[in-house]
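Work through the exercises below with the sequence and the coordinates open. Each task is followed by a solution in steps.

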Amino acid sequence: MLDQLKDTLKIRYRQWRIAASLQRNDALGALHRSWGYVHATQLSGDYYEFGVYQGASLFNSWLSWRFFRNRLERSDSLPFERTGTVAGFLRHRPVFYAFDTYCGMPDNAEGEDTLATGSFQTSLELVRRRCAIAGLTEPTARFIPGLFAETADQIGAAPAAVVHIDCDLYASAVDALRVIRPRLVQGTVLLMDDYNLFRASNAHGERRALREFTESTGITVEPWFAYGPASQAFFCHL
């Protein structure tokens, strides 16, 4: 009970401080900056997260979306009318897709103790509870348990505005990119949370997966900014 109370207080604090996220150089700051870009360019689409763990980036992404959406909907100081393309953008309410096994790391051959099978333990119940505290509930959120390759049919119909891949493993990143490929559009933000793991080797992990993906699909990615200890944001060009 005490742990749940502490968790609730932390999440309430994040709600209060969400506007300051732009100054952060971590995943939460990257998500906030991404939603700022989405609203500045009126890029309609949903949010896809591959690798949810305990839900912090998921509900913080929703808080950042809500911050920018409220500002666009309610601000009296905007130098333009909320008509035409702006009105069309505002009509779309993103769905937040959360793909994860919800039982820790799957079997893998990475050979890293920190990524061993079963590490990063979590549960769907925990993630749902934490998201609910922040105000993110179904159907705005869609929790999709299982291996990415086995749940590809759960992908939504709308384009992807922001894609957050935080799954560490080469095989998982390959599957995540394959799942999201049909929903990528010009300007989609792609956040690769573990891009520079494995000492930034192009032969391992998310780096290898993204390199092979761009080579096989012809989709190009443009580096936007680095964040955290090993993460990279990209723009997708189709």
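## Backbone angles and a cis peptide

F198 is found in helix α7 (residues 197–200), where helices (H or I, at least four residues) and strands (E, at least two) are DSSP runs numbered from the N terminus. This is a predicted model, in which local features need pLDDT of at least 70, side-chain atom pairs count only at pLDDT 80 or more, and totals for chains, interfaces and linings use all residues. Residues are numbered from 1 along each chain as its sequence is written, and side-chain values use heavy atoms, with hydrogens and water left out.

**Exercise 1.** Describe the phi angle and the burial of F198.

Solution.
- Step 1: phi of F198 is positive, about 60 degrees, although the residue is not a glycine.
- Step 2: F198 counts as buried because its relative accessibility is 14%; buried means under 20% relative accessible area, exposed over 50%, and partly exposed in between (1.4 Å probe, protein chains only).

**Exercise 2.** Carry out the same analysis for Y53, then state which peptide bond ending at P139 is cis.

Solution.
- Step 1: Y53 sits in the loop between β1 (46–50) and α3, and its phi, near 50 degrees, is a positive value in a residue other than glycine.
- Step 2: at 37% relative accessibility, Y53 is classed as partly exposed.
- Step 3: the bond from E138 to P139 is cis, with omega near 10 degrees. P139 belongs to the loop between α5 (124–134) and β3 (141–145).

## A buried arginine

**Exercise 3.** Determine what surrounds the side chain of R69.

Solution.
- Step 1: place R69 in helix α3 (residues 56–74).
- Step 2: R69 is buried yet has no salt bridge, that is, no side-chain nitrogen of Lys or Arg within 4 Å of a carboxyl oxygen of Asp or Glu. The nearest side chain of opposite charge, E73, is 4.5 Å away; Lys and Arg count as positive and Asp and Glu as negative, while His and the chain ends are not counted.
- Step 3: look for backbone partners. A polar atom of the R69 side chain lies 3.2 Å from the backbone oxygen of L90, and a polar atom of that side chain is 3.2 Å from the backbone oxygen of H92.
- Step 4: list contacts (heavy atoms within 4.5 Å). Beyond neighbours within four places in sequence, R69 is in contact with H39, F89, L90, H92, R93 and P94.

## One face of a helix

**Exercise 4.** Which residues of helix α4 (residues 84–91) are buried, and how are they arranged about the axis?

Solution.
- Step 1: the buried residues of α4 are V86, A87, F89 and L90.
- Step 2: viewed down the axis, these fall within an arc of 160 degrees, so they line one face of α4; the arc is that of the directions from the helix axis to the C-beta atoms.
- Step 3: the face turned away from the buried side carries the exposed residues G84, T85 and R91.
- Step 4: α2 (27–41) and α3 are among what covers the buried residues of α4.

## Cysteines

**Exercise 5.** How many disulfides does the whole structure hold, and why does C131 form no bond with C103?

Solution.
- Step 1: a search finds 0 disulfides, a disulfide being a pair of cysteine sulfur atoms within 2.5 Å.
- Step 2: the closest cysteine sulfur to that of C131 is in C103, 17 Å away, which is too far for a bond.
- Step 3: C131 counts as buried, at 0% relative accessibility.

Technical notes:
Polar contact = N/O pair within 3.5 Å; in protein donor to acceptor, adjacent residues only side chain to side chain.
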